[in-house]
Amino acid sequence: MPEPTKKDDQSNGKPGVWSLGEGQGPEDLDKSIDTPPLSTLLIERPQGGSVDLGADIHFIAKVEAKDLLRKPTVKWFKGKWMDLASKTGKHLQLKETFDRLTKIHTFEMHIIKAKENYGGNYRCEVNYKDKFDSCSFDLEVKGRVILDPVIVLSNVSEGQEDAGELDFSGLLKHREHKQEDVPEVDVWEILKNARPDEYEKIAFTYGITDLRGLLKRLKKTKKVEKKSEAFAKKLDAAYQVDKGGKIRFMVDLADPTVELKWYKNGQEIRSTPKYIFEHKGTQRIMVINNCSMLDDAAYSVAAGDEKCTTELFVKELPVKIVKTIEAVKTTVNERIELECEVSEEGAQVKWMKNGVEVPTGVRSRYRVKVEGTKHTLVIDDASKDDTGVYSIMATGGTSEANAGCLWVPVKPLKIFQDLQDITLKLGEPLKMHCEIFPGNVPGRWYRNGQLIQQLRLCWFHRNHRLEVEATSLHDSGDYTFVLEGYSQSLSAKVHIIDPPRVHLETLNFPDNTVTIVAGNKLRLEIPISGEPAPRVVWMKGERVLFQRLHMLSSVSGFGNQVILESGHRVHAETYGDHTSLTIEVTEREDSGNYKIVLQNEAGEDTGSVKVKVVDIPDPPEAPLVPVVGGDWCSMTWDPPIYDGSSPILGYFVERKKKQSSRWMRLNFDLIKETTFEPKKMIEGVPYEVRVFAVNAIGVSKASEPSKAFVPLAVTSEPTMLVVDDVTDDTVTMKWRPPDTIGAAGLDGYLVEYCVEGTDEWIPANKGLTEKTKYTITGLPTNAKILVRVKAVNAAGCSTPRTIQHSILVKEVIEPPKIRIPRHLKQTYTRRVGEAVNLVVPFLGKPRPKVSWLKEGQPIDPTHVSIRNTECDSIIFIRKAERSHSGKYELTVQVENHTDTAILDIQIVDLPGPPQAVTIEEVWGENVALDWSPPKDIGNSPISGYTIQKADKKTMEWYTCVEHYHRTCITISDLVIGNEYFFRIYAENMCGLSESATQTKDCALIVKEGTARLRTPEYIDHDFKEPPRFTQPLINTFAVAGYNATLNCSVRANPRPKVIWMKNKIAIIDDPRYRMFSNQGVCTLEVRKPNPYDGGLYACKAVNDLGEDQVECRLEVKGDIKPQKPGNVSWKTCL
């Protein structure tokens, strides 16, 4: 258990207060602290510091995340157990950040407006899987207020207002001293009845300075435990177990159904092979197996809202010596091994010589071997100085042994023939010989300090020999011959040389070729041999990559031409038995033949390895699109220049709309050829295509996109190709546009002709013509030709439309025929002063002669302008007068053939005033007026009259009746006693007459009784009549796409119901038709008709007295699509 942390500073004269942490009882005060082993996670630790009262301070901890797979867990503590994560608020903030460049986690603790109770010891703990690190630091708050215990006692109840801060901050607020009687409090009784985690709070509250002594006294007293509602038997206060042993924690529950959780240092324990949970009735047992020092901690168990705690202490057993050291007696230059066994593996022991610790460092003559519980001290090449008393010390005891060197009397040694240094090739026999005196003493041969036993050794009197039939590399070394009992020795060197060899046969590569994918790491390990170690040179082609010298200053054959190179990506390494070439990231340029050259003093050897770096191929060049169709195209491309050292398996093709960024793959099976036809494209939309090359390694990058192309289709062939006109040297053809034009539009037409009997088609027009009519000129008379027309757009020429029969180039007489427009078949009416412009088309070949007559007389060209063309005649009057009214006769003549048409032109004007307006009779409030029609009706029927009255006094005129049709009227509701004048205007289609006719006399309205007028009796006229159409319907021709109207007029009283019918079916609520009726004029408007709207139309009027019906036929010509305004002529309208 950790020692309590003392929170006061005795040097400042402040009362000492001890902080125990949560859950620490008085019985734990004397226990030592066992800190678990730490691993280095923190690269920057928080440092302690001081802060003024009310100021801010922050602490920083940094953890390097380079070797961590996830974020480590960091906790901040105050004292021993107080986790500050639950205390964050306005005075404490915890922050964490991560720098992706340096891969460092930064954890910060900010203390804001520090209070006097924030001082003390803090701890930062870092956990990551099985790694743990911790750091403690102190915070000193300067300018603390020394509190009077009496003041603190009076404010205990007010200390909770700052809950949620670092500590019991509310208990230490400085308050003004109140002169009140403080009740006596028995702190001893409070401590006896309080939980251990409340001791620190009680010490702060009541100003206890010697809390440790008070708790030791409390420990000796018997504490009356309050009966628990959840536990029938709680955990003991503490448990102890030997290291490596097993411990059982057991509680007995009052309610076996309550949920139970075990905790270690506040962290919940899960079931593992180390932690085993058992249930026996109401008993709950936790078993901890193989206890280690990490298990030394505080444990608690929670049942519902209740909790009991305990401490586990792991005791480390002393290490005992099981087998002691045995005494050893040996001779000089012998190997000494002192062995000893202890009771535990991994135990730390010390070797002593004569009471002094034996140095066992790297440069020491003494070496220590540890095998399990066995510890061995090894002394190589013992001397007399090694004599002494050796001992081993462990925590459980000490073992000693005496080790001495054997002393042998030494005779004078004479050397007649010393050992000689020898250099041999590998496999040659080795013979070493020496001759010494005395000759009756045996000796020992050593090689590199090791005793030689298995070789052939000869000893005859003074001659000592060592023979090896076939030398190996192991026979090379320093040889020593030592006579027994003598410290003097004979030495020589044997040098075994072996020509270098490159062992490529051990590689399992066919033809010594290594294949690797670009981007991967290549490591070539080539076994080599040779003694001494050969000089290794790596070459690629004729270029030296790396060379390695092994104890050679210069090698023949290379001289000063060797170029040393080194790099991080490509580097070579040479070891004792092999050399390696490493390419960290292979590139395609690394392909080639690599040559290894070995040289030493015994010879030279070379080897060659071929490296083949395979990669994805280069992208092909941008594809070409030579042919484009309506929804397809034909594309070609060239194979990539570099195939990645692997054959091209095929290609992938992608396309996209030019304005889009989304590519769509067109094939899922590889294309073997370098051509492809994408299909199902949208006509008129720009596209781009690109290609991917594929080999066994993968797919290349995409090629550059092709130039944008637009799928366009040629139009369909022109329609309705007919002969329009033929002369002695010209043929005029006309046709209709193609039915299908497409997104490419229509640029124009190409007209070609072929003379019958030949196969040569001659273009008739040099450039395209946009019109649907063309005249072929320069033809021979009486020749027969065939004509065809092609529609041309950006996609090309369409299929030609050829006329079925040959055309004879000879003018044909066509009788004239006048085609009077529909609006001229009736009387053509215009007002005086308006312009008259009439176009009358006609047919006839050759060009007809045109003549005009008015009322049988020639037309005066000064008043009427006439202009004639090949197909129509135009009559134009700039400013019409009434004298221009009349019947105009048009005569068209072609040789002996004539055709005549009459046009009725009516020029109308305002009518004159009515005649002879008289007052016929005055009675009561009524006046009867009578008048005659005007003499001048303005060349238009009178449509009505307007009657006005005026009081004689004011002579202000007021309209009584408008649009009155009769020539007599009775004006009623006149004011009695007034005198009235009356005037009348005549009205026709041009409007009211310019002047009115006024009554000469005035009418006096007298009071009743002043005059008696006998009122005649009139019989009411019956105005009822059945429907009767005064203007029938007329057969009409309409052009598709242009509105057409059908008009008729009906007379009936009462007002009839008008029904329109098409093909004897009533037209009801059809949005294509609009019906109007105004003053008996009935109109049906057909909106944008098509050929299907043609048929028999009828108008039916019905009232109570009968019914009447008129019919006409409507014919709609042309397609639904309207032509351009510039291409519409009178022939199209007809």
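Buried means under 20% relative accessible area, exposed means over 50%, and partly exposed lies in between. The exercises below use this cut-off on a predicted model.

**Exercise 1. Classify E654 and its salt-bridge partner R665 as buried, partly exposed or exposed, and place the pair in the chain.**

Step 1. E654 has 9% relative accessibility, so E654 counts as buried.
Step 2. R665 has a relative accessible area of 32%, and is partly exposed.
Step 3. The two side chains form a salt bridge with an N to O distance of 3.6 Å.
Step 4. E654 belongs to strand β49 (residues 648-657) and R665 to strand β50 (residues 664-665), so the pair ties together parts that are 11 residues apart in sequence.

**Exercise 2. Which parts of the chain does the salt bridge between R882 and D936 tie together?**

Step 1. The R882 and D936 side chains meet at 2.8 Å, N to O.
Step 2. R882 is in the loop between β68 (872-877) and β69 (886-894), while D936 is in the loop between β72 (926-932) and β73 (944-951), so parts 54 residues apart in sequence are tied together.
Step 3. R882 is partly exposed at 32%, and D936 is partly exposed at 31%.

**Exercise 3. Describe the largest nonpolar core and the surroundings of M109.**

Step 1. This core has 24 residues, and those with the most contacts inside it are F59, W76, M109, I111, Y122 and L139.
Step 2. Strands β5 (57-64), β9 (104-111), β10 (120-128) and β11 (131-142) each supply at least two of its residues.
Step 3. Beyond its neighbours within four places in sequence, M109 is in contact with residues including F59, W76, L84, Y122 and F137.
Step 4. Another core, of 22 residues, lies apart from the largest one; A230, L253, M286 and V314 are among its members.

**Exercise 4. Is helix α3 (residues 199-206) largely enclosed or largely open?**

Step 1. The buried residues of α3 are Y199, E200, I202, A203, F204 and T205.
Step 2. That is 6 of the 8 residues, so the helix is largely enclosed by the rest of the structure.

**Exercise 5. Give the strand order of the open sheet that contains β83 and β87, and find its edges.**

Step 1. The order of the 5 strands is β81-β88-β87-β83-β84, with mixed pairing.
Step 2. β81 (1036-1039) and β84 (1065-1066) each pair on one side only, and are the edge strands.
Step 3. Inside the sheet, β83 (residues 1057-1062) and β87 (residues 1095-1103) are antiparallel over 6 bridges.
Step 4. V1058 stands opposite A1101 of β87.

How values were computed
Residues numbered from 1 in each chain as written. Predicted model: local features only at pLDDT ≥ 70, side-chain atom pairs only at ≥ 80, totals over all residues. Heavy atoms only, no water. Pairing = 2+ DSSP bridges. Helix = DSSP H or I, 4+ residues; strand = E, 2+ residues; numbered from the N terminus. Core = buried A, V, L, I, M, F, W, Y, C linked by side-chain atoms within 4.5 Å. Buried < 20%, exposed > 50% of the residue type's maximum accessible area, 1.4 Å probe, protein only. Contact = heavy atoms within 4.5 Å. Salt bridge = Lys/Arg side-chain N within 4 Å of Asp/Glu carboxyl O.
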